[in-house]
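Visitor: I'm new here, so could you walk me through this one?
Guide: Sure, have a look at it and then ask away.

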Amino acid sequence: MSTAPLALIAELTHRCPLRCVYCSNPLELRARSEELSTETWVRAFEEAAQLGTLHVHLTGGEPLARGDLTPLVLAARSAGLYTNLITSGIGLNEKRLSSLVEAGLDHIQLSFQDAEESSADTIAGCSAHAQKVAVAQLISETRLAFTVNLVVHRRNLDRLEEIISFAERLRPHRIEIAHVQYYGWALRNREALLPTLDQVQESVAVVERAKERLKGIKIDFVTPDYYATFPKPCMGGWARLLMVVDPSGKALPCHAAGVIPGLKFENVKEKSLRWIWEESSSFRRFRGEDWMPEPCRTCERRTQDFGGCRCQAFLVAGDAAATDPVCSLSPHRHLIDAVLKRINLSPLSADIGSSAEPGAGNVKALDTDLALRQRWAYRTNPAGVRERPEL
Ligand code: SF4
Ligand code: FES
């Protein structure tokens, strides 16, 4: 076991001006009235630093929705944490950005839904793309380390080359291209988001070419694990490297752990981060190897992937203690194969959102903005938060 979480993932709020169809936030969102106070977050950052944590990732929802973001950055930096802001950029202007830079922010990750405005805004469920481009320009003029996050899926993957060129023009230091992972809202929209095998193979080739071409920009690429032979080492192993604190103060071993029944999550308002990390039952539940079933228990890959993802095991196979169903050795792999078969046999299926009729229509007919918007399951906001006007 590592002695401290390497990074604290601070979900400052679940409020967000965007409504992305692949949001990894839980379906049940924390209300503004439940959010931790500034003082409690400051104490959590100090406790994390004392524990030996090196980084804090300030995320959400949209962290800029918190009016106290600048004091929170100042507190995290003063505690000695490397401070990263993960944002849509909506709500950021020149004045606010310079106050964050002065407070000591180190790194910013700005997400984009597409290179094309109408497609990007359809996925985000609101008009945001043009503002994001303007924010990218402001960020590139600061001293901040700058990453552009690109989320890719079946609807935009055929334009990956163009999307990477768009990101390049924003002048980041790093581009992270990540296939959607199927949790939260993305799982609801999985049939419409999962790419075909041909698309995945082509995307690997496109990224390789971009890496060759863009020598000055680091490119990281996250492939869709459904197509993998072995699972991803989710979170670097359960309670091994990372700790998530949700907007209400609940500490979780990963952002999706709330879906697993029977786990008790402690709150940073009542317990210290050290106690939660070292002693709490939820962090100890799948740490190490004692919980592992066969085939993981005797598999030589268990020290590399830690048996995969506990949440995916629950969401797909109904058992959080099972081998990740993505693994080719898992007795549940057929459940993943059945989904892939549907997608690859009927790649033009536009089965979008939970209310869609399976296999209805085709992409060409339905890829009009209006039809698409009507069929996605868009992320909602916590009760009481005024939604941005829809497109
Ligand atoms: Fe990883 Fe378990 Fe599959 Fe082995 S059997 S590759 S440890 S998930
Ligand atoms: Fe929870 Fe993978 S998302 S363990």
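**A first tour**

Visitor: How do you know that contacts link distant parts of the protein chain?
Guide: Among contacts with a separation of 6 or more, 72% join residues 24 or more positions apart; a contact means C-beta atoms, placed from the backbone, within 7 Å. Bear in mind that this is a predicted model, where local features need pLDDT of at least 70, side-chain atom pairs count only at pLDDT 80 or more, and totals for chains, interfaces and linings use all residues. Residues are numbered from 1 along each chain as its sequence is written, while chains are lettered from A and ligands numbered from 1 in the order in which they are written.

Visitor: What makes the radius of gyration agree with a compact globule?
Guide: For 391 residues the globule value is near 21 Å, and the protein chain has 20 Å, so the two agree. The radius is taken over C-alpha atoms, and the rule is 2.2 Å times the number of residues to the power 0.38.

Visitor: Why is strand S1 called largely enclosed?
Guide: Because 5 of the 5 residues of S1 (residues 7–11) are buried. Buried takes 20 or more other C-beta atoms, placed from the backbone, within 10 Å of a residue's own. Strands are DSSP runs of E, at least two residues, numbered from the N terminus. Ala7, Ile9 and Glu11 cover one side, with Leu8 and Ala10 on the other.

Visitor: How do you know that S1 and S8 pair?
Guide: Pairing needs at least two DSSP bridges; S1 and S8 (residues 242–245) have 4, in the parallel sense, so they pair. Ala10 stands opposite Val245 there.

Note on methods
Two residues are in contact if their C-beta atoms, placed from the backbone, lie within 7 Å. A residue is buried if 20 or more other C-beta atoms lie within 10 Å of its own, exposed if 12 or fewer, and partly exposed in between; C-beta atoms are placed from the backbone.
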